[in-house]
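Here are some short exercises to work through with the model open beside you. Try each task before you read its solution.

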Amino acid sequence: MTNVTTQINITAKDSTAAAFASADQNLSGLSSTALKVTGALAAVGVSVAGVVSAVKGVADATIQFQQFTSTLQVGTGSAKGAADALSFVRSESQRLGLDLATAADQFGKLTAASKGTALEGKATRDIFTSVAQAATALGLSAEQTGGSLLAIQQIISKGTVSAEELRGQLGERLPGAFQIAARAIGVTTQELDKLLRTGSVTAEQLLPALSRELDKTFGSQSEQAAKGLTAQMNRMNTAIFDLKIAVGESGLINFLSSGIELATKL
């Protein structure tokens with residue numbers, strides 16, 4: 001028994017020592033790389049705190065990009081569908097001066113919510129574009145635009161339209177939304193209010209009509225507004241976001257992932 005115990009102890013110590021030696025070697029490699037990166041940035045006047053902040057920004061942007069790409073893949077059912085959807089959002093964001101990160105996140109959720117309904121596919125894109133055009137024409141911030149699209153998403157998810165969502169969530173962010181919705185289905189605001197209270201208006205009835213009415217109301221105005229300061233600022237934010245993604249995909253994220261994996265093993 002003593003010999004067996006001694007053999008187990010020796011084996012365990014050898015295995016542990018080998019594991020820590022390997023970990024130490026990997027950690028040394030990661031540290032060396034980190035020091036080189038930090039040194040290079042410091043040489044051009046970037047502080048260590050600035051490096052840390054920049055790395056965090058890249059990591060956050062990459063995680064966000066992965067999240068809405070995954071959501072788009074769920075909504076479209078394939079990686080190709082997700083790539084096509086992202087290309088569509090990118091094109092509309094550039095045309096209208098939207099913040100890409102916010103737009104892609106909300107469009108991904110819209111796509112997932114409409115999957116399996118009559119609003120799936122082109123109808124979802126039309127709804128997104130019409131709301132985005134209205135947001136651009138009205139000079140809404142990225143947060144307000146995201147809130148408007150979130151209200152639409154909730155309407156799609158529930159299947160019926162409530163006064164709280166239409167007059168409250170959407171109307172508070174998109175001025176005139178309730179009146180535009182009434183015109184869209186050919187009723188007065190009082191009649192629409194009554195229909196909403198009885199749950200008589202479905203998402204499939206209202207949203208395509210609302211999309212067309214928003215196009216009529218804001219379509220031409222959005223073209224001029226897309227040249228304004230808010231739109232240009234959003235394009236700049238998108239360019240910075242794309243830069244962070246490019247830096248992340250160039251190897252930084254793999255470096256960070258290796259460090260996290262090593263820390264987990266230790």
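**Exercise 1. The largest cavity**

Which residues line the largest cavity? Keep in mind that this is a predicted model.

Solution. Start with how many cavities there are: the structure holds one of 30 Å³ or more. The largest cavity has a volume of about 70 Å³. Next, list its lining: Leu98, Asp99, Thr102, Ala103, Leu140, Ser141, Ala142, Thr145, Leu149 and Asn234. Sorted by class, this lining has five nonpolar, four polar and one charged residues. Finally, turn to the helices: H4 and H6 (142-158) each supply at least two of the lining residues, and H6 gives the most, with three.

**Exercise 2. Helix H6**

Find what span the 17 residues of H6 should have, and compare it with the distance between the end C-alpha atoms.

Solution. The expected span is 1.5 Å times one less than the number of residues. For the 17 residues of H6 that comes to 24 Å, and the end C-alpha atoms are 24 Å apart, so the two agree.

Now look at burial. Which residues of H6 are buried? They are Thr145, Gly146, Gly147, Ser148, Leu149, Ala151, Ile152, Gln153, Ile155 and Ile156. An α-helix has 3.6 residues a turn, so residues three or four places apart point the same way. The cover over the buried residues of H6 includes H4, H5 (122-137), H7 (163-173) and H10 (203-225). To finish, step just past the end of H6, where Gly159 takes a positive phi of about 90°.

**Exercise 3. Two residues of helix H4**

Decide whether Ser114 is buried or exposed, then do likewise for Asp105.

Solution. Begin by placing both residues: Ser114 is in H4, and Asp105 is also in H4, which runs over residues 100-114. The cut-off for buried is under 20% relative accessible area, and for exposed it is over 50%. Ser114 has 1% relative accessibility and therefore counts as buried. Asp105 has a relative accessible area of 24%, so Asp105 is partly exposed.

What is Ser114 in contact with, once its neighbours within four places in sequence are left aside? The partners are Leu119, Glu120, Thr124 and Ile156. Ile156 has already come up, as one of the buried residues of H6. For Asp105, take a distance instead: Asp105 and Leu86 are 19 residues apart in sequence, and their C-alpha atoms lie 9.9 Å apart in space.

**Exercise 4. Helix H8**

How many of the eight residues of H8 are buried?

Solution. Go through residues 177-184: six of the eight are buried, so H8 is mostly covered. The buried ones are Ala177, Phe178, Ile180, Ala181, Ala182 and Ala184. Then ask what they pack against: H7, H9 (189-197) and H10. After H8 comes Gly186, with a positive phi near 70°.

**Exercise 5. The whole chain**

Describe the protein chain by its helices and strands, its burial, its contacts and its surface.

Solution. Count first: the chain has 11 helices and zero strands. Next, burial: of the 266 residues, 36% are buried. Then take contacts between residues at least 6 apart in sequence: 72% of them join residues at least 24 apart. Last, the accessible surface comes to about 14,300 Å², with 57% of it belonging to carbon and sulfur atoms.

Note on methods:
Residues are numbered from 1 along each chain as its sequence is written. This is a predicted model: local features need pLDDT of at least 70, side-chain atom pairs count only at pLDDT 80 or more; totals for chains, interfaces and linings use all residues. Side-chain values use heavy atoms; hydrogens and water are left out. Helices (H or I, at least four residues) and strands (E, at least two) are DSSP runs, numbered from the N terminus. Buried means under 20% relative accessible area, exposed over 50%, partly exposed in between (1.4 Å probe, protein chains only). Contact means heavy atoms within 4.5 Å. Accessible areas come from the Shrake-Rupley method with a 1.4 Å probe; for residues, only the protein chains shown count as cover. On a 1 Å grid over the protein atoms alone, a cavity is a set of points where a 1.4 Å probe fits but cannot get out, and a pocket is an open set with protein on both sides within 12 Å along at least five of seven lines; lining residues have an atom within 4 Å of a point. Grid points are joined across faces, edges and corners, and a volume is the space filled by probe spheres set on the points. Ala, Val, Leu, Ile, Met, Phe, Trp, Tyr, Cys and Pro count as nonpolar, Asp, Glu, Lys and Arg as charged, and the others, Gly among them, as polar.
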